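Grab a coffee and work through these exercises with the model open beside you. Each task comes with a solution in steps.

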Amino acid sequence: TTSTDFAVSQGAYKASLTPGDSDGFVMKLNPTLTTVLYATFFGGPFADYSRAIAVDASQAVYLTGSTIGRFPVSANAFRPQSAASPAIFITKL
C-alpha cells in the first residue's frame, strides 16, 4: 500500500507510512469479516512489496516479497543486509 491513512491496530509493528513510500501490510479479520483483529504496515523506509502470504496451523503469518533496501531484520537474520537491490525477503510474524 501507499496509503498513509491505512488503519493499523494498537501495538502495530509499524504504525505509519512516510508519504511517497510503499510497504506491505498484514491485516487479520474475524471470521465474519466485521472486525479487524490486527493490522500493520510491514517494511523499511524505502519501497517494499509483499507478494505472498501464508498462515500456519499455529496462526503464524509468513510473508515474502521484495525490497530495495534497509529492510527490518532480526538480530540473527540469515543476511542482515541485502547484497543487491532489489532483494527478496521471507519473514515470519
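## Loops and a pocket

Gln 59 turns up in the loop between β3 (48-55) and β4 (61-67); strands here are DSSP runs of E, at least two residues, numbered from the N terminus. This is a predicted model, where local features need pLDDT of at least 70, side-chain atom pairs count only at pLDDT 80 or more, and totals for chains, interfaces and linings use all residues. Residues are numbered from 1 along each chain as its sequence is written, and side-chain values use heavy atoms, with hydrogens and water left out.

**Exercise 1.** Work out the phi of Gln 59 and how exposed the residue is.

*Solution.*
- Step 1: phi of Gln 59 is positive, about 75°, although the residue is not a glycine.
- Step 2: Gln 59 has a relative accessible area of 45%, so it is partly exposed (buried is under 20%, exposed over 50%, partly exposed in between; 1.4 Å probe, protein chains only).

**Exercise 2.** Do the same for Leu 33: find its loop, its phi and its exposure class.

*Solution.*
- Step 1: look between β1 (24-29) and β2 (36-42), where the loop holds Leu 33.
- Step 2: its phi is near 60°, again a positive value in a non-glycine residue.
- Step 3: Leu 33 counts as exposed because its relative accessibility is 63%.

**Exercise 3.** Sort the lining of the largest pocket into nonpolar, polar and charged residues, and find the strand that gives the most to it.

*Solution.*
- Step 1: strand β5 (residues 87-92) gives the most, with five residues.
- Step 2: the lining splits into 14 nonpolar, six polar and two charged residues (Ala, Val, Leu, Ile, Met, Phe, Trp, Tyr, Cys and Pro are nonpolar, Asp, Glu, Lys and Arg charged, the others, Gly among them, polar). A pocket is an open set of points on a 1 Å grid over the protein atoms alone, where a 1.4 Å probe fits, with protein on both sides within 12 Å along at least five of seven lines; lining residues have an atom within 4 Å of a point.

Technical notes: Helices (H or I, at least four residues) and strands (E, at least two) are DSSP runs, numbered from the N terminus.
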